Every structure is written in structure tokens, then in C-alpha cells.
Amino acid sequence: MNVTFEDILLVSSILLFLSILITKSLGRFGIPALLLFLGVGMLAGSEGLGKIHFNDPQSAQSLGTVALTFILFSGGLDTRWESIRPVLWRGVGLATVGVLVTAMLLGGFVYYVTDFTLLESMLLGSIVSSTDAAAVFSILRSKNIGLKHNLRPTLELESGSNDPMAYFLTVSFTFLIMNEEASIWRLIPMFFMQMSIGAMAGVAMGRAMAWIINRIKLEQEGLYPALTMAMIIFTFAFTNVINGNGFLAVYIAGVILGNRNFIHKRSLTKFYDGIAWLMQILMFLTLGLLVFPSHMVPLIGTGLLISIFLILVARPVSVFLSMAFFRNSIRDKLYVSWVGLRGAVPIVFATYPLLAGVEKSGMIFNIVFFIVITSVLLQGTTLSVVARWLKLSQQDKRQKKYQFDLEMEYDIKNELTEIQVPDRSPAVGKNLVDLHFPKGALIVLINRNGKFLTPNGATTLETNDVLFVMTDRDDELTRVNKLLGYEVE
């Protein structure tokens, strides 16, 4: 049977539609969307109902690399500097020391319980050493999980920045296995060089992106997503060409750009949020098609043993060591340990030894796949429950902010923020003119029981009114919150 390009498009569209439909139907039961995407891919595969034969690790790796590039950029674009600044070094520690300790501990355990060589064991540990950005971003944000003590920005920063370390370890151990004469000591200066070049390239390209977007003045608004796509791909590819870490460069470029003012910021941010979801779906579908469930059955015992050690020993030890010098309670560290979600990235990394011809790469790939399913199924479905058990859960108090789509290059910093008047607020029953809001804070609209009011000085505030407040300075927004009765840290 000849398969045409139209056949591929038809099947792809059907799988994409089914993935979204199943997520809509089963997501209400707390099943992570990413696991559902994997399930659809496996059901459509050669050993599933769809009987689609797909055994092309090279294509899966290429798609995974492109997908991860856009996922990391989107995550960086949505990361606010004021949120990550207090937890910056904590996140960096988890993304570097934490990944290294996890890889070494798990590698040692794999060497002890299997017949893998030491290098093969360390390779397996490296592949699953990082938490997955797509999994953490999607689960934390889709469930609106509110966490105390700045744990949410810590987890998002770690997941967005620890893939470069895992990638380096995976490629390094693959190289050592295939080149027995090579020395591990050669890799240490290479690591610092790659990370340094990646960081500098990310900062430079993030600033360049903002400058180019604001000054190129394209006549068609639809060209701006294409322009930024070109710059994202260039950032990743060029950084790799100059021996830097492209994943790190893309993430940092996204953070730099997201914290600057640029034309069509709101529309571009939404566009890349949609692209990130599309990339996640395609990546999980493809990896689901790639796996052969029958190959995993003989490895269930080994895979389960390794998964349990990773979740209950390797991840917690790495977290406690990485956060030893920071003021965090044991409950904080236990929760960070539990949010060690593994997703599609380890499966993508597992294709590197597969393509390099590592002797036990097939077994490694299937064990990694089993670890990912176990992690998402066990940890991904219990994040809210564990947060409540540890008394770290709280209502997500982050206020919605709406940035203006600028049609000019003026440096306008105004934001529209939603603030709900809380119960027992001292502002209830008072006129706006008597509250003495800061001069730079303007209430442009009030949502009262689903009806929108245009306020004036004589407007009296009521409980649960939602105010749309325009400000251009954070201290003014803080003063508004205090006047409405919010405790501001």
C-alpha cells in the first residue's frame, strides 16, 4: 500500500482532533493531558487499534528537538522576572546540582540492579535526570495550583532551565560509550563552555529580538509570528553551531524578551502559548507511535523498581542537597521532591543513544518510556493532593494582568490588572473618591455580578466587585491592594 502525503495529513489531523477531544472528556477526572496524548499515540501505533507502523527515531528526535525549542521559548516568554528573581539561585541549584546528583544516584542504582555497564547506567540516569518543562508548565497552570513560599516559580524555573544539563550529560555519556578511549575529564571544560556560550547567546538574542520587533515596522501584523519564529530557530541553531547549548539560549531569550515591552506583545504571547500546546501534542503523539508496548512488558519489574527509586530516593536527595543553603522548610523540600515530573523530553533524549548505536539503547528507551508513564500517572495526578497534605496549598492569588498591544514603538508600561474586592474589605461601602487611590492608578471598569459599570468618584464599592485597574508602576498596584485590604508581602 502506497502512503501519500495526503494520507499522512488526514491521519495527523484525526489524531490531533481525537487527542484534544479525549483531553476535554477525561481531563475532568484529573488525568494529565500529556498522558492522554501518549495514550492516543500508543493506541494508534502498530500494536494498537490504529495499526500505524512508525519506527523512525530520527524523525521523532528531530520533531522533539523543534518542539522542545518552542516549548522552552514559550515558557520563558511567560516567566515574569519579578516572580523568579527571589528564587533565582534556588532554581539554578536545582537545575544544575540537582540534575547531576539525580543522574549519579540513579545511575549507581541501575548499575547495582541490572547488568548494564557503569557508563550505560549513568546514561540512563542522565536521560531521566531533568524535570520536564512541558509537563510541569501544563499541569501547574491548567490546574491553577496555588503554592506558598514561592514554590510555583521555583518549580517552573527549574523545569524550564534544567533540560540543558540533562542534554549535556546524555550526549556526553553517549559519546563516552561509543569512544572508549575518551576521558570524562575532557567533558568538564566543555560543559562550562557550552553553558556560558548558551547563556550569553540567550541574553544577546533576547535583547536583539525586542529591538528588531520594535523597529522593523512590518505592514502586516501576521508577519510578526513568522519573524519571531525565524529568530527563535536561529537562536537555537546558531548557538549550537558556536558550541553553545541551544536549549538554554532559547529559554533565556524567551525570559529576556518576555520582560521587555515590544509591539504586539499580548498577541505574540498567546500565539506561542498555542504553539507550545501544539508542539506538546505532536511530540507526545509521535513518541506514543514510536513505542512498542510488547517490548516494555518484560521490563515492567525493572522499570517499576527504577521508577520507585527515582521518585522516592534520587529526586528527594538531590532536592535536599540543592536547597540545603536556602531557607525552606522540610515540607517545601518534600513537595519540590514530589514535583519531579518526567515527560516527553527524556523520551526524546533516549533517541540519542538509539541513533548512535549504543548496544542496549533499545532497552534504555523502553525503560525510560515506562519511567515517564509512571511519573506522569503517579505524580502528575496527585500534585494538588500532596500540596494539601503538606499544607502548602493556597488559592492562586496571582492577579490577571492584561498588557496592551502596541502599534508603535513607544515604551508604554501600562498594564490592566483584575483585582477582586475581598470579603470584609475596608473599602466596601466607600466612594472611590474617598479611598484616595494613587494618582497613577485608574479604575477603568468594574465587573459587578456580571454587569460592567463605568466608575466615577461617587461609585460605591461592594464585596466581590472586580476592578480593572490601569497602572504603570508596581508600587502603585501594591498601594491599591493595601487599600482594598490585601496583605502584601
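**View 1. Contacts of V368 in the predicted model.** Leaving aside neighbours within four places in sequence, V368 is in contact with L124, I127, V128, P346, I347 and A350. The model is a predicted one. V368 belongs to the largest nonpolar core, which has 94 residues. Within that core, V368 and L287 touch the most other members. Helix α13 supplies the largest share of the core, with twelve residues.

**View 2. A second nonpolar core.** Separate from the core of View 1 is another, made up of 17 residues. Its members include L151, L341, V386 and L392. In soluble globular proteins, nonpolar side chains tend to be buried together.

**View 3. Helix α11 and its buried side.** Helix α11 runs over residues 223-241, 19 residues in total. From its first C-alpha to its last, α11 reaches 27 Å, close to the 27 Å expected at 1.5 Å a residue. Buried in α11 are Y224, P225, L227, T228, M231, I232, T235, F236 and T239. These residues lie on the same side of α11 because they cover an arc of only 165 degrees around the axis. An α-helix has 3.6 residues a turn, so residues three or four places apart point the same way.

**View 4. Surroundings of α11.** The buried residues of α11 pack against four helices: α3 (57-77), α10 (187-216), α12 (246-258) and α13 (265-290). One of these, α13, also contributes twelve residues to the largest nonpolar core. Just after α11 comes N243, where the phi angle is positive, at about 70 degrees.

**View 5. G160 in helix α8.** G160 sits in helix α8, which spans residues 151-161. G160 is buried, and its relative accessible area is 1%; the cut-off for buried is under 20%. T79 is 81 residues from G160 in sequence, while the C-alpha atoms of the two are 9.6 Å apart in space.

**View 6. The whole chain, for orientation.** The chain contains 21 helices and seven strands. It has 489 residues, of which 51% count as buried. Among contacts in the chain with a separation of 6 or more, 78% join residues 24 or more positions apart. The exposed area of the chain is about 23,300 Å², and carbon and sulfur atoms supply 62% of that area.

Methods
Residues numbered from 1 in each chain as written. Predicted model: local features only at pLDDT ≥ 70, side-chain atom pairs only at ≥ 80, totals over all residues. Heavy atoms only, no water. Helix = DSSP H or I, 4+ residues; strand = E, 2+ residues; numbered from the N terminus. Buried < 20%, exposed > 50% of the residue type's maximum accessible area, 1.4 Å probe, protein only. Contact = heavy atoms within 4.5 Å. Areas by Shrake-Rupley, 256 points an atom, 1.4 Å probe, with all protein chains shown as cover. Expected span 1.5 Å × (residues − 1). Arc of directions from axis to C-beta. Core = buried A, V, L, I, M, F, W, Y, C linked by side-chain atoms within 4.5 Å.
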